[in-house]
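Got a minute to go through this one? Let's take the labels in turn and check what each of them rests on.

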Amino acid sequence: MNLLEALRYLTALEQHRHFGRAAQACRITQPALSNAIRALEQELGVPVVRRARLYEGLTAEGEVVLAHAHRLLREAESLRQELHSRVDAPRGALQIGAIPTALAVAGRFAAQLRSRHAGIEPVLRSLSSPEIENGLENLSLDMALGYIGREQVKARALQIWPQYEEAYFLVRRDVAGGAAGDAQPTTWRESAAQALVMLTPDMHNRTIVEEAMRSVGAEPRPAIETNSVLALVAALGDASLAAVLPGALLDVASGLTPLRVHPLIEPTVRTPIGFMTAASARTTPALRAALTLAQDASWLQQLSRR
């Protein structure tokens with residue numbers, strides 16, 4: 001049995017929570033993945049996966065195995081990168097998490113990193129804030145772009161690289177054909193009275209929006225809720241709906257639907273966004289190159305327009 005491969009299959013199974021999708025992600029057949037995990041259970045002498053007709057999660061012993069799997073796989077990847085990289089030519093995979101509202105920024109970051117270093121293979125995942133924080137802690141992520149001001153971030157051993165401050169805008173479909181930049185500011189109280197498309201309550205962006213509205217005595221009543229930024233933006237094709245979007249999403253949203261964009265005031269809300277890494281983790285050559293870009297003046301200048 002190849003222990004590292006079996007551990008990689010286990011982490012894929014927990015990520016995708018489905019034997020077929022995990023096998024597809026690992027580019028093997030479903031029976032091969034199942035057999036490898038059974039061999040892992042036999043090798044360790046404990047049940048790892050709770051099995052039924054469908055995947056039901058890990059056993060208590062499996063959670064322990066998973067925690068070690070993340071660390072062992074991270075060390076193995078670090079070793080491969082150190083052996084096959086040069087100072088000016090890092091090579092290897094880089095696991096990046098990003099909150100949905102910063103995914104467009106993270107995509108541009110990954111593209112620029114790949115342009116600078118063709119040997120780096122970024123893997124970008126859209127994750128909630130708790131998933132990001134857990135991923136950094138268990139080393140399934142190398143770095144993540146998210147809300148660095150959260151109390152849960154401050155309570156963990158994370159290193160932080162501030163990137164930009166998220167500003168907020170009320171947007172709706174532009175039926176008059178005017179220039180988006182000509183729209184007048186509006187207040188959070190006024191925005192709360194609109195028929196809003198909002199992210200679901202488990203998303204931190206929803207918390208930010210609701211706190212801003214409640215600070216002026218307004219209570220939003222969403223017309224549509226979704227945990228997908230793409231679905232939120234697509235819903236704005238209906239001119240009767242509006243949404244509160246951060247500046248980082250305006251270019252993406254306006255590319256799908258012509259929008260009227262109203263800066264939100266009273267109060268002025270700014271939320272810090274930054275890259276995070278685990279403070280105790282060994283930095284790989286790919287991660288070192290990524291952190292160099294994250295602190296590059298030209299990159300930060302691009303973000304100042306968010």
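Q: First off, what kind of model is this?
A: It's a predicted one. The protein chain has 306 residues, 48% of them counted as buried, and its secondary structure comes to 13 helices and 13 strands. Along the principal axes, the C-alpha trace spans about 65 × 50 × 35 Å.

Q: Why is the pair Glu41 and Arg51 called a salt bridge?
A: The closest N and O atoms of Glu41 and Arg51 are 3.0 Å apart. The cut-off is 4 Å between a side-chain nitrogen of Lys or Arg and a carboxyl oxygen of Asp or Glu, so the pair qualifies. As for where the partners sit, Glu41 is in helix H3 (residues 30–44) and Arg51 in strand S1 (residues 49–51), 10 residues apart, and the pair links distant parts of the chain.

Q: What makes Glu41 buried or exposed?
A: Glu41 has 12% relative accessibility. Buried means under 20%, so Glu41 counts as buried.

Q: And why does Arg51 get the label partly exposed?
A: Its relative accessible area is 33%. That value falls between the 20% limit for buried and the 50% limit for exposed, so Arg51 is partly exposed.

Q: How do you know that Arg206 and Glu210 form a salt bridge?
A: Their side chains meet at 2.8 Å, N to O, and the rule asks for within 4 Å, so they pass. Arg206 and Glu210 both lie in helix H9 (residues 204–214), 4 residues apart, which is about one turn of the helix. Both count as buried because the limit is under 20%: Arg206 has 6% relative accessibility, and Glu210 has a relative accessible area of 14%.

Q: What about Arg214 and Glu210, at 3.6 Å: why does that pair count?
A: The 3.6 Å from N to O is still within 4 Å, so the side chains of Arg214 and Glu210 do meet in a salt bridge. Arg214 and Glu210 are 4 residues apart in helix H9, so about one helical turn separates them. With 42% relative accessibility, over the buried limit but short of the exposed one, Arg214 counts as partly exposed.

Q: Which residues make up the network of salt bridges here?
A: Arg206, Glu210, Arg214, Glu219 and Glu225 are linked in it. By the salt-bridge rule, the count comes to 15.

Q: What makes the span of helix H5 close to the expected one?
A: Helix H5 (residues 103–116) has 14 residues and reaches 20 Å from its first C-alpha to its last. The expected span is 1.5 Å times one less than the number of residues, which gives 20 Å for H5, so the two agree closely. The buried residues of H5 are Ala104, Val105, Ala106, Phe109, Ala110 and Leu113.

Q: Why is Gly57 called buried?
A: Gly57 has a relative accessible area of 3%, and the limit is under 20%, so the label fits. Gly57 lies in strand S2 (residues 55–58).

Q: What does Gly57 touch, leaving out residues up to four places away in sequence?
A: Gly57 touches Arg17, Val49 and Arg50. Take Arg17: it is 40 residues from Gly57 in sequence, but the C-alpha atoms of the two are 7.2 Å apart in space.

Conventions
Residues numbered from 1 in each chain as written. Predicted model: local features only at pLDDT ≥ 70, side-chain atom pairs only at ≥ 80, totals over all residues. Heavy atoms only, no water. Helix = DSSP H or I, 4+ residues; strand = E, 2+ residues; numbered from the N terminus. Buried < 20%, exposed > 50% of the residue type's maximum accessible area, 1.4 Å probe, protein only. Contact = heavy atoms within 4.5 Å.
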